[in-house]
Amino acid sequence: MNIGQKIKNLRIQKDLTQEELGERTDLSKGYISQLERNLSSPSMETFFSILEVLGISPKDFFDEKEQVQQVVYKCDDYTVYYEEEKGYEINWLVSDSNEQDMEPIILSLDKEGEYKEFEPSLSDTFAYVLEGSVCIEIGMDRYYASQGESIYYHALKKHQIKNNYHETSRLLLVATNSYL
């Protein structure tokens, strides 16, 4: 097992620099660099301190079986929710997306359907209109997009998507900071 490389991988996954990891463990950036290159071996106390900051137990750190990342999500993995009162259906394309940086969905809006209204947030939203036409209300402004057009906005004001078509409209929608 390459302990240094594993520490480095965990540090990168936690979005920490060598300096930040060093500060949180009272170690120097240079020492962290030496550990990651296997040029030095930490004491048990230092090692446990590093693991604590990295959010992993010693047992999990030394567990040789790697976590398998799911890359392909099949139709059976999707989660579907229909809101009859507002006339929309959400199809979550990635089952664990609410734990990720992006949350992709297919949003279907019935005739006169509207997605729920969201409060301002730090989220960004991208959508691609697969069929139909929609109205995006952001604060007091209204924007319209039709089949084949893309939408991108910062959710800094109250916002809502409504169907602007006489039949069903469908969008591929991806939001950051999982708020759907």
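**Figure 1. A salt bridge joins E36 and R11.** In this predicted model, E36 and R11 pair through a salt bridge whose closest N and O atoms are 2.5 Å apart. The two partners come from distant parts of the chain: E36 belongs to helix α3, while R11 sits in helix α1 (residues 3-13), and 25 residues separate them. Take a moment to look at the surroundings of this pair, for both E36 and R11 are buried. If you would like to place the pair in a wider setting, a search of the whole structure finds 7 salt bridges.

**Figure 2. E114 meets K86 in a contact between two loops.** Here the salt bridge runs between E114 and K86, with 3.4 Å between the closest N and O atoms. Which parts of the chain does this pair tie together? E114 lies in the loop between β3 and β4, and K86 in the loop between β1 (79-83) and β2 (88-92), so the contact connects parts that are 28 residues apart in sequence. E114 is partly exposed, with a relative accessible area of 25%. K86 is also partly exposed, at 31%.

**Figure 3. R170 and E131 connect two strands.** The side chains of R170 and E131 form a salt bridge, with an N to O distance of 3.3 Å. R170 is part of strand β9 (residues 169-176) and E131 part of strand β4, so this bridge ties together parts that are 39 residues apart in sequence. As for accessibility, R170 counts as partly exposed at 29%, and E131 is partly exposed with a relative accessible area of 31%.

**Figure 4. Shared partners build a salt-bridge network.** Side chains of opposite charge can pair when their charged atoms come close. In this view, salt bridges with partners in common join K86, E114, E137, R142 and K162 into one network. You have already met two of its members, as the salt bridge between E114 and K86 is the one shown in Figure 2.

**Figure 5. A patch of negative charge lies on the surface.** Which residues gather in this patch? They are D15, E19, E20 and E23. To find your way around, start from E23, which is found in helix α2 (residues 18-25). E23 is exposed, with a relative accessible area of 54%.

**Figure 6. The side chain of Q160 approaches the backbone of Y115.** Q160 has its place in strand β8 (residues 159-163). Is Q160 buried or exposed? Its relative accessible area is 6%, so Q160 counts as buried. A polar atom of the Q160 side chain lies 2.7 Å from the backbone oxygen of Y115.

**Figure 7. N38 has a positive phi.** Phi of N38 is near 60 degrees, a positive value in a residue other than glycine. You will find N38 in the loop between α3 (29-36) and α4 (44-54). N38 is partly exposed, and its relative accessible area is 42%.

**Figure 8. E112 has a positive phi.** For E112, a residue other than glycine, phi is near 65 degrees and thus positive. Where does E112 lie? Its place is in the loop between β3 (102-109) and β4 (124-131). With 68% relative accessibility, E112 counts as exposed. The loop between β3 and β4 may look familiar from Figure 2, because E114 lies there too.

Key: Residues numbered from 1 in each chain as written. Predicted model: local features only at pLDDT ≥ 70, side-chain atom pairs only at ≥ 80, totals over all residues. Heavy atoms only, no water. Patch = residues over 30% accessible without salt bridge, like charges linked within 9 Å, V, L, I, M, F, W, Y side chains within 5 Å. Areas by Shrake-Rupley, 256 points an atom, 1.4 Å probe, with all protein chains shown as cover. Salt bridge = Lys/Arg side-chain N within 4 Å of Asp/Glu carboxyl O. Lys, Arg positive; Asp, Glu negative; His and termini not counted. Charge placed at Lys NZ, Arg CZ, Asp CG, Glu CD. Helix = DSSP H or I, 4+ residues; strand = E, 2+ residues; numbered from the N terminus. Buried < 20%, exposed > 50% of the residue type's maximum accessible area, 1.4 Å probe, protein only. Polar contact = N/O pair within 3.5 Å; in protein donor to acceptor, adjacent residues only side chain to side chain.
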